[in-house]
Amino acid sequence: MPEGIDLVAGGGRTAGGRCIIPIIRMFTLCMGEAAAISLTPVAILVVEGEREYLALLPGAPRAIDDLLKTLRDDIEREKKRCMG
């Protein structure tokens with residue numbers, strides 16, 4: 001398991017006709033035979049029809065818009081699962 005920090009799209013949930021997708025910072029640390037993983041939400045993506053709203057949480061990276069582009073496939077998958 002590689003060590004480092006990545007952003008991942010969490011599992012989307014439907015609430016009030018909206019799809020809510022958490023954006024999570026995942027930090028992994030490997031030492032010998034042991035590994036530790038820390039998951040911290042940094043943003044919430046709310047999808048209403050064709051519109052998307054991003055709510056940043058404390059600790060969100062400054063370049064989150066650029067980082068979200070790398071998660072677009074995962075976000076689209078969650079939107080389909082959530083709204084389909």
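These legends describe close-up views of a predicted model.

**Figure 1. The whole chain, five strands and two helices.**
The chain holds 2 helices and 5 strands. Their order along the sequence is β-β-β-β-β-α-α. Along the principal axes, the C-alpha atoms fill a box of roughly 45 × 25 × 20 Å. Of the 84 residues, 26% count as buried. The chain exposes about 5700 Å². Carbon and sulfur atoms supply 56% of that area. Of the contacts between residues at least 6 apart in sequence, 41% join residues at least 24 apart. The count of salt bridges comes to 9. Figures 4 and 5 below take up some of them.

**Figure 2. The hairpin of strand 4 and strand 5.**
Strand 4 covers residues 34-48, and strand 5 covers residues 51-56. The two strands pair in the antiparallel sense. Their pairing runs over 6 bridges. Together they form a hairpin with 2 residues between them. G49 sits in the turn. Its phi is positive, at about 60 degrees. In regular strands, side chains alternate between the two faces of the sheet.

**Figure 3. A55 and its surroundings in strand 5.**
A55 belongs to strand 5. Across from A55 stands I44. Setting aside neighbours within four places in sequence, A55 is in contact with V42, A43 and I44. I44 is thus named twice here, as the residue opposite A55 and as one of its contacts. A55 has 38% relative accessibility, so it counts as partly exposed. How far apart are A55 and L29 in space, C-alpha to C-alpha? They lie 28 Å apart, with their positions 26 residues apart in sequence. L29 returns in Figure 6.

**Figure 4. A salt bridge between strand 5 and helix 2.**
E52 forms a salt bridge with R72. The closest N and O atoms are 2.9 Å apart. E52 lies in strand 5 and R72 in helix 2, so the pair ties together parts that are 20 residues apart in sequence. Is E52 buried, exposed or partly exposed? With 30% relative accessibility, E52 counts as partly exposed. R72, at 29%, also counts as partly exposed.

**Figure 5. The salt-bridge network that continues along helix 2.**
R72 has a salt bridge to E76 as well. Here the closest N and O atoms are 3.1 Å apart. E76 and R72 are 4 residues apart in helix 2, so about one helical turn separates them. E76 in turn meets K79 in a salt bridge, at 3.2 Å from N to O. K79 and E76 are 3 residues apart in helix 2, which means that about one helical turn separates this pair too. Which residues are joined into one network by salt bridges that share partners? They are E52, R72, E76 and K79. Relative accessibility adds to the picture. E76 is at 30% and counts as partly exposed. K79 has a relative accessible area of 16% and is buried. The cut-off for buried is under 20%, so K79 falls below it.

**Figure 6. L29 and the nonpolar surface patch.**
Which residues form a nonpolar patch on the surface? They are F27, L29 and M31. Together they have about 280 Å² of accessible area. L29 is found in strand 3, which covers residues 18-31. At 32% relative accessibility, L29 counts as partly exposed. Patch residues must have over 30% relative accessible area, so L29 passes this cut-off at 32%.

**Figure 7. E78, a buried residue in helix 2.**
E78 lies in helix 2, which covers residues 72-83. Why does E78 count as buried? Its relative accessibility is 6%, and buried means under 20%. The side chain of E78 makes a polar contact with the side chain of R77, at 3.4 Å. Which residues does E78 touch, not counting those up to four places away in sequence? They are G10, G11, G12, C19 and I21. C19 and I21 fall within strand 3, residues 18-31.

Key. Residues are numbered from 1 along each chain as its sequence is written. This is a predicted model: local features need pLDDT of at least 70, side-chain atom pairs count only at pLDDT 80 or more; totals for chains, interfaces and linings use all residues. Side-chain values use heavy atoms; hydrogens and water are left out. Patches are made of residues with over 30% relative accessible area and no salt bridge: like charges are joined within 9 Å, nonpolar side chains (Val, Leu, Ile, Met, Phe, Trp, Tyr) within 5 Å. Accessible areas come from the Shrake-Rupley method with a 1.4 Å probe; for residues, only the protein chains shown count as cover. A salt bridge is a side-chain nitrogen of Lys or Arg within 4 Å of a carboxyl oxygen of Asp or Glu. Buried means under 20% relative accessible area, exposed over 50%, partly exposed in between (1.4 Å probe, protein chains only). Contact means heavy atoms within 4.5 Å. A polar contact is a pair of N or O atoms within 3.5 Å; within protein, one must be able to donate a hydrogen and the other to accept it, and residues adjacent in sequence count only if both atoms are side-chain atoms. Two strands pair if DSSP finds at least two bridges between them.
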